[in-house]
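Grab a pencil and open the viewer. Here are two short exercises to work through with the model on screen.

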Amino acid sequence: MQADRIHLIGLNHKTAPVEIREKMALSGDQALPYRELKELGCEECCILSTCNRVEITFVARDADKTAPAVRKFLFGGSDLSQEEYEKYSYLHRGRDAVTHMFRVASSLDSMIVGEPQILGQLKQAFKTAVEHGATGPILNRFLHKAFSVAKRVRTETNIGGSAVSISYAAVELAKKIFGDLAGKRVMLLGAGEMAELAAEHLITQGIAEVVVVNRTVERAMNLARRFKGRAAGLDELTDRLAEADILISSTGAPGLVLEADQVRPIMRQRMNSPLFLIDIAVPRDLDPAINDIDNVYLYDIDDLQHVVDMNKSERDREAKRGEAIVREESLKFTSWLDAMEIGPTIAALRAKADEICRAELGRSLKKLSGLSDKERKSLEKMTSAIAAKMLHDPIMFLKNETDPGLRTEKLAVIRRVFAIDPPNEGGRCERNDQ
Amino acid sequence: MTILFHLALAAYIFATISYLVYFGNDNRKVRTLARGAVIAAAVFHTAYTVARMISGGHTPITSNHEAVSFFALSVTLGYLSFRWRYRVRNFGVFVTPIITALMLVALFSDHRISELPPALQSLWLPVHASIAVMANGFLALAFSGGIMYLLQEREIKKKKFGLFYHRLPSLEALDNLNRHCLAVGFPLMTLGIISGSVWAKQAWGTYWQWDPKETWSLITWFIYAAILHQRFTAGWRRRRAAIMAIIGFAAALFTLWGVNFILGGVHSYAG
């Protein structure tokens, strides 16, 4: 069975702690490991290495010998024992390997489920493998299929739909309040790291200006320079707030920095144009009563964390639907792959030819009336003889190939030329889906 | 002819149900169905109104059935014209039930075509009555926008994201909807009152006679004038604008119905 030749050995954030993972990273010159893997008996292989996982996908005939060698190669740079190798890493084979790869590509196996970076990393890994001539007909199709499965999961589920980090949640909320964030003004109160991060996310949404207000104006100026914004002292707080739309507060002050009574006149001055206040300081900077003012929305760090938690459970639900898609696709892919053998392919070719003969014969016989049984028989014989002769050369073309890699390639060509597989099945190369 | 009315009603009911299903399951195919149903309903409904106009010989806006049906049609046309320019997610979910409710009121009202009393036989009838009812159509849209705003705002303010947070558009979009509908509805309403007054001068010799309908439409007009004025000067935007759109629409409905049934006057329908 072709599918059983696919293997995947690796470790990820679930199986190995970071101390182990950081020793694995196969960075630097990629030509070397690919050459080595080939020597170990991998007909085709692809190395995926990110900060959360290192995985080697390979195709091998004699897996019993190749797999331990690859595992050893994977841990080559470390001083771990055989048991530890097995404890930290996993080996998947056949359909399990297919399912695993599809889950990885669809970001169902990621640390933060639904984060889309992994697909790009996988595409890059595949590209590198192709450049080193490490892939062949099976992995080419397999990985392209993985990309399209990932795409399907993304479009058919809402897995990447909701924000699962605090700063993204803040951006999402801001969008629900302001619609488009282009042209909005952001004020940073205090120069904390979290505030910086949130401001960075907002800037990518096209906000117009960042104003940094801080107790020490010098630090405010430093931060303002980073965002090409303005700096102001604490005494200007209310004046600047009247002009802002979003405030991110993260001072280290022990008490409240802004009280509800200070905000009310500001809202009149702003003609009630809405104000979104984000308080990520602990202890809090902003008076909780501010949230009771009309058109002012105050979220503190716990509120945002709550939003994130809700979104996470939404993601978990969507991930279940993603898993179902992955199961369906890996079943389809492995059965396609298993049909990529000489026997089934020849049978499929003959079946197709027989069907065409029968159909055409039936049509002609309707027009030719008054044929004797004998004449009929010889017509039938003739059509099937033509079909058999036509198929002879393609079948020999398949049978004469002894190299298994090339044979798979030829099988794929024949199956495509004769349109044996339904279109878009079995990971026909979708080279444009970047 | 009545069959057209029933077809339109059936299409509205279908659209309402489809929109509610779409609201629940987010299936785009269902939304496409709902949109198609609204357009089909609008076609049947327009055909019905035209057919009635031809057979009655005057603008079909003189009985309760006709006025409410025309009201429903103007909400539909207002909605379609709005959709054509803006996109407001799930707006249809809130508008189609209103249209269907109006259609049901029309269904249970007397369908007979009434003879027009001589005082009403004028070119001013279609002008005055249709403009006034069209205004109500847009005010109804502002009303639904107001409801949507309050629902969405509540979830953001209370930090409890339930049914609406993901399904409704941003507060900004809903506030724009409110502004747009008032910006169309209010001038129409003003024109309706002016045209009525000019007609009254011709028919009865006086511009204004403090008939209850006139009084109430003036009250409604002042409410909306205040809303718009405050919006641009004192910042009655957003939440307060949404609440006012709801109150204003209640006044408009009272002008349309309450006056006829409770207070009477020259605007009572002939039939």
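The exercises below look at a chain interface and then at a pair of strands.

This is a predicted model: local features need pLDDT of at least 70, side-chain atom pairs count only at pLDDT 80 or more, and totals for chains, interfaces and linings use all residues. Residues are numbered from 1 along each chain as its sequence is written, chains are lettered from A in the order in which they are written, and side-chain values use heavy atoms, leaving out hydrogens and water.

**Exercise 1.** Work out how chain B meets chain A.

Step 1. Start with contacts (heavy atoms within 4.5 Å): 23 residues of chain B touch 25 residues of chain A.

Step 2. Now the buried area, meaning accessible area (1.4 Å probe) lost on putting the two parts together, summed over both. The two chains bury about 2,000 Å², 50% of it on carbon and sulfur atoms. On chain B's side, B:Lys157, B:Lys159 and B:Phe161 lose the most, together 33% of what that side buries.

Step 3. Look for salt bridges (Lys or Arg side-chain nitrogen within 4 Å of an Asp or Glu carboxyl oxygen). There are 2 between the chains. B:Lys159 makes one with A:Asp303, with the closest N and O atoms 2.9 Å apart.

**Exercise 2.** Find how E2(A) and E3(A) are arranged (strands are DSSP runs of at least two residues, numbered from the N terminus).

Step 1. Pairing takes at least two DSSP bridges; E2(A) and E3(A), residues 53-59, pair antiparallel over 6 bridges.

Step 2. Pick one bridge: A:Glu44 partners A:Val59 in E3(A).

Step 3. Trace the link: a hairpin connects E2(A) to E3(A) through 3 residues.

Notes
Helices (H or I, at least four residues) and strands (E, at least two) are DSSP runs, numbered from the N terminus.
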